[in-house]
Every structure is written in structure tokens, then in C-alpha cells.
Amino acid sequence: MKAKKSILDENLSRNDPRIKQILAKLKKESYRPDALIEILHTAQNSFGYLPMNVLAFITKELKVPPSRVYSTVTFYHFFSLKSKGEHTCLVCTGTACYVKGAEHILNEIEREFQLKPGQVSADNKLGLSTARCIGACGLAPAMVVDDEVHAKTKPEDVKNMILSKIGARV
Amino acid sequence: MNRQDLKTIAESAKAEHNQFKHKVCVCCGAGCLSSGSEAVLKKLQDEVKARGLDKEIRVVPSGCMGPCNQGPLVKVMPEYAIYQKVNCENIAAVVQSQLVEKRPIEDLLLFADSRPKPYVNAQEDPFFKKQLKVVLKDCGSINPEIIEDYIVRDGYKALDKVLFQMSPEEVIAEIKHSRLRGRGGAGFPTGIKWETVYKYVADQKYVICNGDEGDPGAFMDRSVLEGNPHRVLEGMAIAGYAVGANKGYAYIRGEYPLAIKRFEAAIKSAKKLGLLGANILGSTFSFDIEIRIGAGAFVCGEETALIASIEGKRGTPRPRPPFPAESGLWGKPTLINNVETLASIAPIINKGGEWYSEIGTPKSAGTKVFALAGKINYSGLIEVPMGMSLREIVYDIGGGVPGGKEFKSAQTGGPSGGCIPKEHLDVKMDYENLVSLGSIMGSGGLIIMDDSSDMVDVARFFMEFCMDESCGKCVPCRVGTKMMYDLLTKICNRQGTRHDLDRLEELAVYVKEASLCGLGMSAPNPLLSTLRYYKNEYLAHIERNTTLEGVSHG
């Protein structure tokens, strides 16, 4: 494998606003390795997910082994190594939502958009994921489309709810 | 800021609030927000201003009021009239009728669509009447982002009291006297935990607030953190004083951005007033709090895993002893308490351990917050004295099961708990009684199921959860949950045999006995409790086996 001059790609420099956010966080946490998870949160907020070159960058800045960063990232559900899609649809599968039929919502999404949880559409427009519980149990079944919580979701409304967000058919 | 300044703030805020004739709270808890309460708040503020009533009516965004599925909720004080499903179209009518003409609009009052006659004063409604709010007392009545709103309701009075009138030993004695037990699930006596940490001598100790509410079907901690973050913060500072720690961490789930935001704001405003930081209120006690955001691992609710996570590592548990009280965060003595436990501290200090210990049952004192959800008419957040019967919670507070269906089961304790069947509806809800029924109190998730729920599938649902969330460190949990899940799936798919059932029971015992931490030790609970009460459903699935006709043992 060819050795890279810079950990970051040519199109991603230390002046990139997203990298700057990570650098600010690193500084705030005094480059302490124990702040790794906090820094990963910042990185994921900036990039939407955790690209490999960004992980390599964090590894270098924190002076920790790559295995430490990679094993931490893959341990926690919250962190994603893949793009989650331009628009995200999150279906809560907590107990209350389960009892009230979250499965039907997932089935409907699969039927309409050919997506299973964890998948992103081919054009990267829509990503589908599930949550263990978003704590909106009083409103079960709940679904979150682009940070907007939908309460008491009915399977028949799902299609239009998503289409209105992504603008067009995926 | 010193003690006198705190009193001055309380008095001036009180004088300011007293200038208003009404306080109108718009619920901005997670539930109501997603039903559109932010727009309602804005519209209400505009409406009040447009009518020139802004000198008489104070409009406040508040935390969760309780009946989450009736939202957005608007509460008019001092009448205690609660309006449900308020929207931008009918808010003007509420202002005109309720606030100007003093004539409540019955059709819009809480539960107007389901009760023969709604209560003008919501406190008289059985939903509220049967509750006793200690932890949630100010939740839904104050603006969680304004510290003065908390101070005016005796906020930080308990911290002031411990710092100037009590020794750490006296604080611990008071908590012991209250008989408060950990609200995170296990129910360990809080005072004894505090005393243990206090007794260890170390240059540095820590207090951790466990807000990694991972049970699916639970949103108590979320509502407390969102609705009254200062109460938790005050509890942490008091705990720090009592055990001799000057640094605290609040570990909050990443899935709760609003709770994180409000807790951050609370820390900032408390620091500004000198209620956090160096020499609190002019005393010699210093205490600081940092937030650590969870990254979605259920196992991090386990204390040693949580500590690993705060240290920035994979959240895997380690064997105990040593317990965190001796060797916790970075090897230092560490006190870990749940959000609800910490939110119970200030009232205990203010009113006395004696007062608290008289609420509830002899072994389980105080109140418990439950997140009531599932197949129930009035789902939401409730707080009741320990020892209230499940029947009262389901039928009197929760209004029973909708659609004329039968109550079948109540699930408590999430993936570590079990199901309580109909024949035990009269169980008095406390730690011991729930354990004797094969469930646990847990953190307070209470999911009601009707007869449409297949209990084998329920067991499979929880087993899938534990299998996914097993950290993989110990074999019994990592492999055992997977094997049990596969067997349960087989039975659900009508391919199971009697032999599979025996195997399941056997595995459940192994996993329970041999796992490293609470996750594995309690993972078989939903399976065991459904087997205990609904074995006929397992047998029915097996009898309808389509693959092994005539074969009884596979």
C-alpha cells in the first residue's frame, strides 16, 4: 500500500470547517484520550457519519492506536462508518412501539422504498434505521424523519410522510 | 454569590411572578413537542401580547405534565385547568374564554373526549388525583431553562441547608433515614451506598449521574432531565458534598438531545450564579459537573461499563468487586446514582428523611415514577407512592385498556424484567413483590399489553434486544442469548418441539447464573416469566408445529 503524505485527503484540509470543529473540540478536551467518545460525537455531527480518513486523523491527534478508535466506534450503535443518507428515517422499535405495531411501519417502508433497517437507497437520498427506544412511548408507534418526530404513526401515512421530506420518489 | 443572594433571587423572582394573575404553561416535553407544542407556545405568546395581556399573563414553556398522548397540553394556573390537543387554531378561543371571560371550554379540557364530564380543575381528575408527585413536583410547572423558576420553588434550598447546617455524616444519616432505594432498577439502599463511598479515603472521588436510560419503553429519566434539570444537578452537588467528591459526571443518552441541551443550560446558569464551581454559596465546598454523552449501548447502564464509557473506552463491564464505591472512575471511589434517585434528594433534605420514609411501603419507601405506555387509554408519565396496586395504575390512572379489549399483561423492568399477568393485577407495586412475581421494578417502564399480544413473541422481542446489546465479553451472555433467541424464533415460526422448550429452560438457568454482569444475569427474565404464566402459549405454538408431524422430541 502506498504511504500517504497526509492523513487527510487532498480535498479535506485542516481548514475544512468540519475538521475545524473537531480541532476545536480536541482543544477543549485538552487532547485527552479519554474524551475519545466526545470527539467522535463531534466528528459525526460534522460529517453525518465517521469517514475512515477522519478516524485516522483523530487517531493521530489523540496519539492512540487505531485499534482503540476503531473498536470504540464499532462498539457503539450511535456511530456509523457509512453515510446515513441525505434524509434519514428512524423507526422506533422500543417495547411500546413494538406492542403498537412498529413492525407494520417497517414492512410498509420496505414495500414502498425497498429498504431494510441499516440500508441507504442507491441514490443516497434516504437511509432507514431503527432505534431501541426514543423515549416517546406515550406516542407509540413513533417514527423520526429528519429529526422530526411523528407520533402515533399509521402505516398508510408513512409513504407520503417520507416523500414530502425527500421531495421525490427514490 | 452567597447565601443571602440566593434568598434575594428567590424573593425578587417571587415578587415578579406575583405581578401576574395567571401563569400559562405550555408543555414542551418530548411528547408534546412532537405534537407541535412549540408552535402553540409561539401563537399563545403572540395572542397574549396582541391583546395587551402580557402584564397579567405569564406564558411559560414547561417540562412534561404527564398525559403525553393528549398533547399538546396547555395548563392555566392558578385554576389548574389543562387543555388538551391544543393547536394554533383553537388557542385564541382558550385565551378569550378561559383567561378573559373565566369560562372554561369544556370540549377542549383534558380527557374531554373520553370522560363523561371533564374536570375543570385537572387535579381532581383520577389521572392526577391518585398520583403523588415528589420527583415530578415542579416538572410541568416551571421553565426548565430559567434557573430562577426553580429557585423560587425552593430550588437549591437543600444545597444551602447541607452546606451550612449539616455535616456530610448528617446528610448521609438523613438519606439512610429516608430509606430511599436506588431507582435505576436494583433498589440498593442509597444511604448505604453514599456511606460506603464516604468511608473510602482518597485524594479524588467522583459522583456520576446515570442518565443512560436504556430500557425500551422507559422515559422517566428523560422527562426529569428535560423538565427539571436543576433538581438533578442539586442532587448531584449534595451527593458530592456528602461523599467528599468535587467532580461529577452526568452520563446522558445520545438519543436524548433535548435532555442534553437543557442539562447543559442548567450547568451554565448554575455556574453563573455560583451554585456550581468553586466555593459554592461562599462555603468551602467546590463541585463541578461535566456531561458525557452516551453513544447507544444498553450495557452502559451497568455501572462498570458506564465508567469504561466515561473513560472513553468500549463500554464493557468488569467483574465486581472491587465495586465502584472503592475503585471506580480512573480507579477512584465513585458514587453512581440514577437520575430519579438524585432528583429525590432535595425534597428529602428539605422535608426530612422521616417524611419520605412514611410514603410507600415499609420496605420500599417513597414514590416511583412510571412511564405508562402500550395498550392503555391514558399513556404518559406518572408518579405514585410505592405499594399502589397495578390495578389502580392501569384502571384508575391509565383509564384501562382501549378498544374494549382485555388486559393481558403488564411488562415491567424492560429486557431485565418480566410480565405480570391478569391474575396478579392486585399486586402492590414495590421492589420485593415484583421480584416474587418473577419481574423487577426496573427503572420504571410499564408497558400494558392486551390479548392481541403473543407472549412467545414478546419473549423473543426482548431476547433479540439482549442478544444485540450483549457486549460480547463473556460467553454465557454472548452465546446464550443467541441460542435462546434462535430457539424462541423456531417456536414462534411453529417449528419448535418440546425438546426445544426444555433446552430453553436449561439455557435460561445457565445464562442467569454464569454471566458477568446484570445484562446477562437478567436477560432470561422475560423468557422465564412468560414461561411461568403463559406456558400454554408456548405449548400451543409447539402443537401447531408444521414440520415435525408426529414427532414429539426433536
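**View 1. Domains 2 and 3 of chain B in the predicted model**. The centres of domain 2 of chain B and domain 3 of chain B, taken over C-alpha atoms, are separated by 27 Å. Where these two domains touch, 20 residues come from domain 2 of chain B and 19 residues from domain 3 of chain B. On the side of domain 2 of chain B that touches domain 3 of chain B, six residues are nonpolar, eight are polar and six are charged. Within the division of chain B, domain 2 spans residues 147-356 and domain 3 spans residues 362-450, alongside domain 1 (20-122) and domain 4 (455-543).

**View 2. Packing of helices α21 and α23 of chain B**. Helix α21 (residues 498-514) of chain B packs against helix α23 (residues 525-543) of chain B at an angle of about 170°, and their axes lie 11 Å apart. Because angles over 145 degrees count as roughly antiparallel, α21(B) and α23(B) are therefore roughly antiparallel to each other. From α21(B), the residues B:R498, B:L501, B:L504, B:E505 and B:A508 meet B:L527, B:L528, B:L531, B:Y538 and B:I542 of α23(B). By class, the residues of this contact comprise eight nonpolar and two charged, with no polar ones.

**View 3. The contact between chain B and chain A**. Chain B contributes 40 residues to this contact, and chain A contributes 31 residues. On the side of chain B that touches chain A, at least two residues are supplied by each of α2 (30-34), β7 (288-293), β9 (367-374), β13 (445-450) and α19 (455-469) of chain B. That side of chain B divides by class into 15 nonpolar, 17 polar and eight charged residues.

How values were computed. Residues are numbered from 1 along each chain as its sequence is written. Chains are lettered from A and ligands numbered from 1 in the order in which they are written. This is a predicted model: local features need pLDDT of at least 70, side-chain atom pairs count only at pLDDT 80 or more; totals for chains, interfaces and linings use all residues. Two residues are in contact if their C-beta atoms, placed from the backbone, lie within 7 Å. Helices (H or I, at least four residues) and strands (E, at least two) are DSSP runs, numbered from the N terminus. Ala, Val, Leu, Ile, Met, Phe, Trp, Tyr, Cys and Pro count as nonpolar, Asp, Glu, Lys and Arg as charged, and the others, Gly among them, as polar. Axes are lines fitted to C-alpha atoms, for helices over the stretch in contact, and angles run from 0 to 180 degrees between N-to-C directions. Angles under 35 degrees count as roughly parallel, over 145 as roughly antiparallel, 65 to 115 as roughly perpendicular and the rest as oblique. Domain bounds come from an automatic or database domain assignment.
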